[in-house]
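Biologist: Please take a close look at the interior of this protein, that is, at its enclosed spaces, its open pockets and the packing around them. I should like one connected account that I can follow residue by residue.

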Amino acid sequence: MPPIISVANLSKTYGTGFKALKNVNLDIQRGEIFALLGPNGAGKTTLISIICGIANLSEGKVTVGGHDINQDYRAARSLIGLVPQELHTDAFETVWATTSFSRGLFGKPKNPAHIEKVLKDLSLWDKRDSKIVTLSGGMKRRVMIAKALSHQPQVLFLDEPTAGVDVELRKGMWEVVRELKAGGVTIILTTHYIEEAEEMADRVGVINKGEIVLVEDKANLMQKLGRKRLTLHLQGQIDAIPAALAPYRLELCDGGRELIYDYDTKGERTGITSLLSDLRASGIRFFDLDTTQSSLEDIFVSLVRAQ
């Protein structure tokens, strides 16, 4: 099945000469949740703006559902729902009116049943007659999502959708996203909350300095790049790591009461067996140990630093 979004050799250069995107190639598959990660200024919002037809590309080609965003703009744009990072709503309109109006902008006939379902799914039904100016920041964010879903798009872009949203509302929105995916909607998510990508995404893309650094299945990414950390809780305090243990590059923590050993999960040998043997030979005893897997955030930081 062809990708629902295809980006080929895309570059964006502003009048000042600044190159915001550099030869970006990216395919988004139908029905997936794709997380696009990157530091501030990496090019995430610029890329989304071009795909959604808000900004013009300088070079390359973008298609949405097989429609070229330049040659067949209306058809391409009608497939997309966008929740921008900044909140833009008609402050003195009601939730129902602004959501219904957004549907009309795409030439869709009135469908009160669909608008009702969207508002209920987003826990906005009891606020349907409230003016947007009276809503909390989290509720306003939900209204933006409702507006983006009003015309039943096949693709939904969520640009920092949970910024300023409390933890409870954030988790509720995650459930909405999962339900949308189950209904066949393709979701592209940008977020600073990396646990959000780790929780929800099927694939992860990392962009930095206008270039795609990596695109990978989330599980494969963590398996290939992830590291594990072994923490040894010592029976007694030590002042320094014995020279004989130097090859393990141990870290002494908690005032000399813990030793930390990082190892590669994909290596043929972890070195743990020999480490424990050498610890005994050095007279170091421990009463407990535990291991932790590196998170997606750890991997993301290491990728960006490597550039």
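Modeller: A cavity is here a set of grid points where a 1.4 Å probe fits but cannot get out, whereas a pocket is an open set. The model is a predicted one. With that meaning, the structure holds three cavities of 30 Å³ or more.

I begin with the largest cavity, which has a volume of about 60 Å³. Its lining consists of Ile-145, Leu-158, Pro-161, Thr-162, Met-173, Trp-174, Val-177, Leu-189, Glu-196 and Met-200. By class, eight of these residues are nonpolar, one is polar and one is charged. Two helices, H6 (167–182) and H7 (194–200), each supply at least two residues of that lining. Helix H6 gives the most, with three residues.

The second largest cavity has a volume of about 50 Å³. It is lined by Ile-5, Leu-26, Ile-28, Phe-34, Leu-36, Leu-47, Ile-48, Ile-51, Phe-157 and Ile-188. Two or more residues of this lining come from each of strand S2 (19–28), strand S3 (33–37) and helix H1 (44–51). Helix H1 gives the most to it, with three residues. The lining divides into ten nonpolar residues, with no polar and no charged ones.

Several names from that lining return in the packing of the protein. The largest nonpolar core has 29 residues, and Ile-5, Leu-10, Ile-51 and Phe-157 touch the most other members. The elements that give this core two or more residues are strand S1 (5–13), S2, S3, H1, strand S4 (59–64), S6 and strand S7 (155–159). Of these well-connected members, Leu-10 may be followed in detail. Leaving aside neighbours within four places in sequence, Leu-10 is in contact with Leu-21, Lys-22, Asn-23, Val-24, Leu-47, Ile-50, Leu-57, Glu-59, Gly-60 and Val-62. Apart from the largest core lies another, of 28 residues, among them Ile-33, Met-144, Leu-149 and Leu-180.

The open spaces come next. The largest pocket has a volume of about 390 Å³. Of the 18 residues that line the largest pocket, Arg-77, Leu-82, Pro-84, Met-144 and Lys-147 lie nearest its centre. Elements that contribute two or more residues to this lining are H1, strand S6 (80–83), helix H3 (95–105) and helix H5 (137–149). The lining of the largest pocket has nine nonpolar, six polar and three charged residues. Met-144 thus appears twice in this account, for it belongs to the core of 28 residues and lies among the residues nearest the centre of the largest pocket.

The second largest pocket has a volume of about 290 Å³. It is lined by 15 residues, and the closest to its centre are His-114, Lys-117, Leu-149, Leu-180 and Val-185. Helix H4 (112–121) and H6 each supply at least two residues of that lining. The largest share, four residues, comes from H4. Its classes are seven nonpolar, five polar and three charged residues. Leu-149 and Leu-180 also belong to the core of 28 residues. Helix H6, for its part, gives residues to the lining of the second largest pocket and to that of the largest cavity.

Helix H3 deserves separate treatment, since its packing can be followed along the helix. Which residues of H3 are buried? They are Val-95, Thr-98, Thr-99, Ser-102 and Arg-103. Seen down the axis of H3, these buried residues fall within an arc of 145 degrees, so they line one face of the helix. An α-helix has 3.6 residues a turn, so residues three or four places apart point the same way. The buried residues of H3 pack against H4 and H5. Among these partners, H5 also gives two or more residues to the lining of the largest pocket, as does H3 itself, while H4 lends residues to the lining of the second largest pocket. Just after H3, Gly-107 takes a positive phi of about 75 degrees.

For contrast with the interior, I close with Leu-252, which lies in strand S12 (residues 251–253). Leu-252 has a relative accessible area of 28%, so it is classed as partly exposed. Not counting residues up to four places away in sequence, Leu-252 touches Ile-238, Asp-239, Ala-240, Ile-241, Glu-258 and Leu-259. Between the C-alpha atoms of Leu-252 and Lys-108 there is a separation of 64 Å, the two residues being 144 residues apart along the chain.

Definitions and conventions: Residues numbered from 1 in each chain as written. Predicted model: local features only at pLDDT ≥ 70, side-chain atom pairs only at ≥ 80, totals over all residues. Heavy atoms only, no water. 1 Å grid on protein atoms, 1.4 Å probe; cavity = no way out; pocket = protein on both sides within 12 Å on 5 of 7 lines; lining within 4 Å. Points joined across faces, edges and corners; volume = space filled by probe spheres on them. Nonpolar A, V, L, I, M, F, W, Y, C, P; charged D, E, K, R; others polar. Core = buried A, V, L, I, M, F, W, Y, C linked by side-chain atoms within 4.5 Å. Buried < 20%, exposed > 50% of the residue type's maximum accessible area, 1.4 Å probe, protein only. Contact = heavy atoms within 4.5 Å. Arc of directions from axis to C-beta.
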